[in-house]
Amino acid sequence: MRRGLLLLVALALGGCALDRYETLRPQTSATDRAMRAIVAKPAGPGPFPVVLILHGAAGPRPNGERWAAELRELGFMTVVPDQYGPLGITDTLTRQGALWERYRDTHSMVRHLQTRPDVRPDRIVVMGFSQGGVLAAGVMTSQWDLLDALDAPPMPRPAAGIGFYGLCTFFPPRLH
């Protein structure tokens, strides 16, 4: 029991030590929202492949930060946005339409990341937990093309979408 508690504390502190907050301001359209995000970059000059990590319907949780720390060690830049702050909500279970708003924000965030000099635009992955997993899977569907049609010029689809559901807080000891 004590050993497990120490492991959880070490994971939590390890993830936090790597993180840096940024305010990301997508400029795609007048409806885009600035989002506060934890951005973690691996060592080196970049540009880096990126994993955009989306929280579930209950809002940001420590599992996103822990995944970010592990992925950073593997050479990925990670971005963990708080998609609820700009919407002024605490969860989408009680807010109708918030899923679509989050989907639009995800599209804007990917487009924004594709313009950054420290990002490899062809190597962006969207990964999400619970409702964030639904969004991550959605970037690989025709819904993405519908949103892209609203912007000019169209942008490439992310390289991959990874959705976790069920035991969303599961965190393997090592990813490699």
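**View 1. The lining of the largest pocket draws on several elements.** In this predicted model, β2, β3, α2 (62–73) and β4 each supply at least two residues of the lining of the largest pocket. There are 16 lining residues in total, and those nearest the pocket's centre are Ile38, Pro60, Val80, Pro81 and Asp82. How many of the lining residues are nonpolar, polar and charged? The split is nine nonpolar, three polar and four charged. As for the space inside, the largest pocket holds about 180 Å³.

**View 2. Stepping back, here is the whole chain.** The protein has five helices and six strands. Follow the sequence from start to end and you get the pattern α-β-β-β-α-β-α-β-α-α-β. Of the 176 residues in the protein, 48% are buried. Now take the contacts with a separation of 6 or more: 74% of them are between residues 24 or more positions apart.

**View 3. β3 pairs with both β5 and β4.** β3 (48–54) is mostly covered, with seven of its seven residues buried. In which sense does β3 pair with β5? The pairing is parallel and runs over six bridges. If you want a place to look, find Val51, which stands opposite Val125 in β5. β3 also pairs with β4 in the parallel sense, this time over three bridges. Here Val50 is the residue to find: its bridge partner in β4 is Met77.

**View 4. β2 runs antiparallel to β4.** The two strands pair in the antiparallel sense over four bridges. One spot to pick out is Ala40, which stands opposite Thr78 in β4. Five of the six residues of β2 are buried, so this strand is largely enclosed by the rest of the structure.

**View 5. The largest nonpolar core brings strands and helices together.** This core has 21 residues, and the ones with the most contacts inside it are Val50, Leu52, Met77, Val79, Val110, Leu113 and Val126. Which elements give two or more residues to this core? They are β2, β3, β4 (77–81), α3 (98–115), β5 (119–129) and α4 (131–138). Apart from this core lies another one, of ten residues, with Trp67, Ala68, Leu71 and Val80 among them.

**View 6. Val126 and Thr106 are in contact with each other.** Leaving aside its neighbours within four places in sequence, Val126 is in contact with Leu52, Leu54, Thr106, Val110, Ala136, Val139, Pro158, Ala160, Gly161 and Ile162. Thr106 itself is in helix α3. Is Thr106 buried or exposed? Its relative accessible area is 1%, so Thr106 is buried. Not counting residues up to four places away in sequence, Thr106 touches Leu52, Leu54, Gln83, Val126, Leu135, Val139 and Trp144.

**View 7. The loop after β2 holds two prolines to look at.** Pro42 lies in the loop between β2 (35–40) and β3 (48–54). Why does Pro42 count as buried? Because its relative accessibility is 11%, and the cut-off for buried is under 20%. Its contacts, leaving aside neighbours within four places in sequence, are Phe48, Arg72, Gly75, Phe76 and Met77. Take Phe76: it sits 34 residues away from Pro42 along the chain, yet the C-alpha atoms of the two are separated by 6.3 Å. Pro47 is also in the loop between β2 and β3. A cis peptide bond joins Gly46 and Pro47, with omega at about 5°. For comparison, most peptide bonds are trans.

**View 8. His55 is a buried loop residue.** His55 lies in the loop between β3 and α2. With a relative accessibility of 8%, His55 counts as buried. Which residues does His55 touch, not counting those up to four places away in sequence? They are Pro60, Pro81, Asp82, Gln83, Tyr84, Arg102, Phe129, Gln131 and Gly132. Two of these names, Pro60 and Pro81, may ring a bell: they are among the residues nearest the centre of the largest pocket.

**View 9. Ser130 has a positive phi.** Ser130 lies in the loop between β5 and α4. What is the phi of Ser130 near? The value is near 55°, which is positive in a residue other than glycine. As a rule, most residues other than glycine have a negative phi.

Definitions and conventions. Residues are numbered from 1 along each chain as its sequence is written. This is a predicted model: local features need pLDDT of at least 70, side-chain atom pairs count only at pLDDT 80 or more; totals for chains, interfaces and linings use all residues. Side-chain values use heavy atoms; hydrogens and water are left out. Buried means under 20% relative accessible area, exposed over 50%, partly exposed in between (1.4 Å probe, protein chains only). Contact means heavy atoms within 4.5 Å. A nonpolar core is a set of buried Ala, Val, Leu, Ile, Met, Phe, Trp, Tyr and Cys residues joined through side-chain atoms within 4.5 Å. On a 1 Å grid over the protein atoms alone, a cavity is a set of points where a 1.4 Å probe fits but cannot get out, and a pocket is an open set with protein on both sides within 12 Å along at least five of seven lines; lining residues have an atom within 4 Å of a point. Grid points are joined across faces, edges and corners, and a volume is the space filled by probe spheres set on the points. Ala, Val, Leu, Ile, Met, Phe, Trp, Tyr, Cys and Pro count as nonpolar, Asp, Glu, Lys and Arg as charged, and the others, Gly among them, as polar. Two strands pair if DSSP finds at least two bridges between them.
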